[in-house]
Amino acid sequence: MANIGSYLKKHTEALVKDVGIEPACEVTGKSKATLGRYYSDNDEHSDRFMPIDAVAQLEQVSSYPHVTAALAELKGIGLNFEDRRDNAERKGGVNSDVIALSQRFAMLMAEYQQSMEDGKISVNEAKRLLKETTMLQQVLVDMKLNLEDESD
């Protein structure tokens, strides 16, 4: 259970920092100190977690549902988070998906190579790699949907 708590606290911290501490206080009606306790790894706060209504309020204004995604991952569930803002409607079906897949994979590998230049992956580098991995996953989902459409 300690590992789960630590995992959730890290994602709670990511959520608060995504929104910003001041805006998070305004959205939830909680103080900075209270929000800080929710993701503190000090033993005295080990049993304190952000209430689910506060998580929902923050995830409404965040760029990504950090805590919801963490809970889903703990249960082995994958979420489909649609945050793409394509310039134009994609056409071309599977052929364009294969091209998009290779481009996304190349971007992931470039990010990985840059992250490994010093021999270790920092927290920020890991976040960028996670974002690229998520985008690669979305291309695979699109490809799957197009393949299902073509098989009908």
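A nonpolar core is taken here as a set of buried Ala, Val, Leu, Ile, Met, Phe, Trp, Tyr and Cys residues joined through side-chain atoms within 4.5 Å. In this predicted model, the largest such core comes to 13 residues. Leu 15, Val 16, Ala 24, Leu 35, Met 50, Val 55 and Leu 58 are the ones with the most contacts inside it. As for where the core residues come from, helix H1 (2–19), H2, helix H3 (32–39) and H4 each put in two or more. Val 16 gives a good look at the wiring: leaving out residues up to four places away in sequence, Val 16 touches Ile 21, Ala 24, Tyr 39, Met 50 and Leu 58.

Two of the helices that feed the core also pack against each other. Helix H2 spans residues 21–28 and helix H4 spans residues 52–61, and their axes sit 9 Å apart at an angle of about 125°. That angle makes the pair oblique, since it falls outside both the 65 to 115 degree band for roughly perpendicular and the over 145 band for roughly antiparallel. As for handedness, H2 and H4 cross in a right-handed sense. On the H2 side the contact is made by Ala 24, Val 27 and Thr 28, and on the H4 side by Ala 54, Gln 57, Leu 58 and Val 61. Sorted by type, the residues of this contact are five nonpolar and two polar, with no charged ones. Ala 24 and Leu 58 turn up again here, having already been listed among the core residues with the most contacts.

Just past H2, in the loop that leads to H3, is Lys 30. Lys 30 counts as partly exposed because its relative accessibility is 27%, and buried would need under 20%. Not counting neighbours within four places in sequence, Lys 30 is in contact with Cys 25, Leu 35, Tyr 38 and Pro 51. Of these, Leu 35 is also one of the core residues with the most contacts. In space, the C-alpha of Lys 30 is 8.8 Å from that of Ala 54, though the two are 24 residues apart along the chain.

Further along the chain, helix H5 (residues 66–75) has His 66, Val 67, Ala 69, Ala 70 and Ala 72 buried. After H5 comes Gly 76, with a positive phi near 80°. Helix H6 (residues 93–115) holds Gln 114, which is partly exposed at 44% relative accessible area. Gln 114 and Glu 125 are separated by 11 residues in sequence, and their C-alpha atoms by 8.6 Å.

Conventions. Residues are numbered from 1 along each chain as its sequence is written. This is a predicted model: local features need pLDDT of at least 70, side-chain atom pairs count only at pLDDT 80 or more; totals for chains, interfaces and linings use all residues. Side-chain values use heavy atoms; hydrogens and water are left out. Axes are lines fitted to C-alpha atoms, for helices over the stretch in contact, and angles run from 0 to 180 degrees between N-to-C directions. Helices (H or I, at least four residues) and strands (E, at least two) are DSSP runs, numbered from the N terminus. Angles under 35 degrees count as roughly parallel, over 145 as roughly antiparallel, 65 to 115 as roughly perpendicular and the rest as oblique. A crossing is left-handed if the near helix is turned anticlockwise from the far one by less than a right angle, and right-handed if clockwise. Contact means heavy atoms within 4.5 Å. Ala, Val, Leu, Ile, Met, Phe, Trp, Tyr, Cys and Pro count as nonpolar, Asp, Glu, Lys and Arg as charged, and the others, Gly among them, as polar. Buried means under 20% relative accessible area, exposed over 50%, partly exposed in between (1.4 Å probe, protein chains only).
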